[in-house]
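Hello,

Here is the structure I promised to pass on to you. Please have a look at it first, and then read my notes below.

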Amino acid sequence: MATTHNEYLHDITKRSLTQTFIEFLKAESFSGILLFFCAVCAMIVANSFLSETYFWLWHENFGFSFGEHFYGFRLHDWINDVLMALFFLMVGLEIKREVLFGDLSGFKKAAFPVIGALGGMVVPALIYFGLNYNTDSWHGFGIPMATDIAFALGVILLLGKRVPMALKVFLVTLAVADDLGAVIVIATAYPSPEGLHFVWLLCAVVVIGALIALNKLGIRTLAPYLGLGVILWFCVHHSGIHATIAAVALAFCIPVKPKMQSQEFIKLLDELPQNFKNIEKNERKNILLTHKQVQLLGTLARDSIDVQNPLMRLEHALQPLCAYLIMPLFAFANAGVDIRGEMNFSIDHIMFGVFFGLVIGKPVGILLFTFLCEKCKIASRPAGISWAYIFGAGMLAGIGFTMSIFVSNLAFESTDSQNVAKVSILLASSVAGILGAMFLFFIGGKSLKKSAK
């Protein structure tokens, strides 16, 4: 009896631990933790006996040869240009969803976080540009403009009830607006060194026109959009604009309206139980479903897809792929810097520009612009959020990481400059995350004590 009881307790414990682990993996904060883990692993490997293999791997060609021609890219380019296009597709879908239905859907709702995001981009860019004015590194101003939503949201979620829900919504909305700004900066400020190729650019415009036409014609199946999206990526890649912009353009063309209206689907659900029971009443003992019952279930499965919003369906499909594969792989491939040898941190003022831009420029810019926004009566703070909370969220917005590293690869051709920028990003993001978390923890603790009284 005791053995059976112990086995029962063991099973319960095992199930609870498994469930806890699954819930942890599904938590929004986990993607930020996984990113940090991959970045740390990249730095460890890049400075270990595997260093040579690590850097050799990313420069290896991956593709196939046909005759004398090779079709493919370096592994590093597959990750940064191809896989990250899927990440930018998800970013574009998030932006479109927020603009149509979310916190960016109306001027009053959008103004406060959007103006905050604008301040969080302008002030860091000015700090970097001011420190690197009249040097060859001035065009790295886009590096401290970015915010890594996964990291920032991960930190704020770990703070739990110490942070009001309204602040979490503000930070997410600000980060989405920041992503839109980053996309615009990438598209306009960092074209190919070879210049624009207008024939390919014209082809890209034609493909976008075809995508818009599909949307206007009421095509709700995702396959033709994704097929044209691949062609669009190819055209933009050869046009001189970074190929990930094609993914954002594709996202804006994905339809919102589903094939089937929810009222029709509800009617089907209401009728299904009775119809299912009425089929072959005399064969209830048969454990196999009848042909008509299988057809009915097939109709339900098909209609359950048709009633879903195509934009949301694609976003939900991409979210785990980006969170658990693409972004961690990007972090592992790009965060590794060999610091065992001599690094020239005095290349212009890249390090100071990135560090001060993210750690100081972000919170100051967000606080300053939102303060002016409220004083000029353009928009007001969300209820229950003090200026101290806004400043704390601004500090967390200084976690640049993914987007900042991505921009640094575009901003500098020199490996030395890229390495200095990456080390600065990692250092600044760590400092911003720690200071922001400590600040909000302290402020949140005081708020909890007040509410307890």
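Let me start with strand β1, which covers residues 61-66. Of its 6 residues, the number buried is 0, so β1 lies largely in the open. Please keep in mind throughout that this is a predicted model.

What does β1 pair with? Its partner is strand β2 (residues 69-74): the two run antiparallel and are joined by 6 bridges. If you want a landmark in this pair, look for Phe-64, which stands opposite Tyr-71 in β2. Together β1 and β2 make a hairpin, with 2 residues between the strands. Gly-67 sits in that turn and has a positive phi of about 70°.

Positive phi values also turn up at residues that are not glycines. As background, most residues other than glycine have a negative phi. Asp-348 is one to look at, with a positive phi of about 45° although it is not a glycine. You will find Asp-348 in the loop that runs between α13 (310-334) and α14 (350-375). Its relative accessibility is 26%, so Asp-348 counts as partly exposed. Lys-377 is another non-glycine residue with a positive phi, here about 60°. Lys-377 belongs to the loop between α14 and α15 (387-396). Is Lys-377 buried or exposed? With 76% relative accessibility, Lys-377 counts as exposed.

Next, the salt bridges. Side chains of opposite charge can pair when their charged atoms come close. The count for this model comes to 5 salt bridges, and I will take you through some of them.

One of them joins Lys-362 and Asp-178, whose side chains meet at 2.8 Å, N to O. Lys-362 lies in helix α14 and Asp-178 in helix α7 (residues 165-189), so this pair ties together parts that are 184 residues apart in sequence. Both Lys-362 and Asp-178 are buried.

Another salt bridge brings together the side chains of Arg-381 and Glu-374, with 3.3 Å from N to O. Here Arg-381 is partly exposed, with a relative accessible area of 27%, while Glu-374 is buried at 19%.

There is also a salt bridge between Glu-98 and Arg-97, where the closest N and O atoms are 3.0 Å apart. Glu-98 is buried, its relative accessible area being 11%. This pair is part of something wider: Arg-97, Glu-98 and Glu-315 are linked in a network of salt bridges.

Finally, the pockets. Rolling a probe the size of a water molecule over the atoms shows where empty space is left. How much space lies in the largest pocket? The answer is about 1,100 Å³. Its lining is made up of 38 residues, and those nearest the centre are Arg-74, Asp-77, Asn-409, Leu-410 and Gln-418. The elements that each give two or more residues to this lining are α3 (51-58), α4 (75-100), α9 (222-239), α13, α16 (401-411) and α17 (415-452). By type, the lining residues of the largest pocket divide into 15 nonpolar, 16 polar and 7 charged.

If you would like a place to begin in the viewer, try the hairpin of β1 and β2, then go on to the largest pocket and find Arg-74 and Asp-77, which are among the residues nearest its centre. From there, the salt bridge between Lys-362 and Asp-178 makes a good next stop.

Best wishes

Definitions and conventions. Residues are numbered from 1 along each chain as its sequence is written. This is a predicted model: local features need pLDDT of at least 70, side-chain atom pairs count only at pLDDT 80 or more; totals for chains, interfaces and linings use all residues. Side-chain values use heavy atoms; hydrogens and water are left out. Helices (H or I, at least four residues) and strands (E, at least two) are DSSP runs, numbered from the N terminus. Buried means under 20% relative accessible area, exposed over 50%, partly exposed in between (1.4 Å probe, protein chains only). On a 1 Å grid over the protein atoms alone, a cavity is a set of points where a 1.4 Å probe fits but cannot get out, and a pocket is an open set with protein on both sides within 12 Å along at least five of seven lines; lining residues have an atom within 4 Å of a point. Grid points are joined across faces, edges and corners, and a volume is the space filled by probe spheres set on the points. Ala, Val, Leu, Ile, Met, Phe, Trp, Tyr, Cys and Pro count as nonpolar, Asp, Glu, Lys and Arg as charged, and the others, Gly among them, as polar. A salt bridge is a side-chain nitrogen of Lys or Arg within 4 Å of a carboxyl oxygen of Asp or Glu. Two strands pair if DSSP finds at least two bridges between them.
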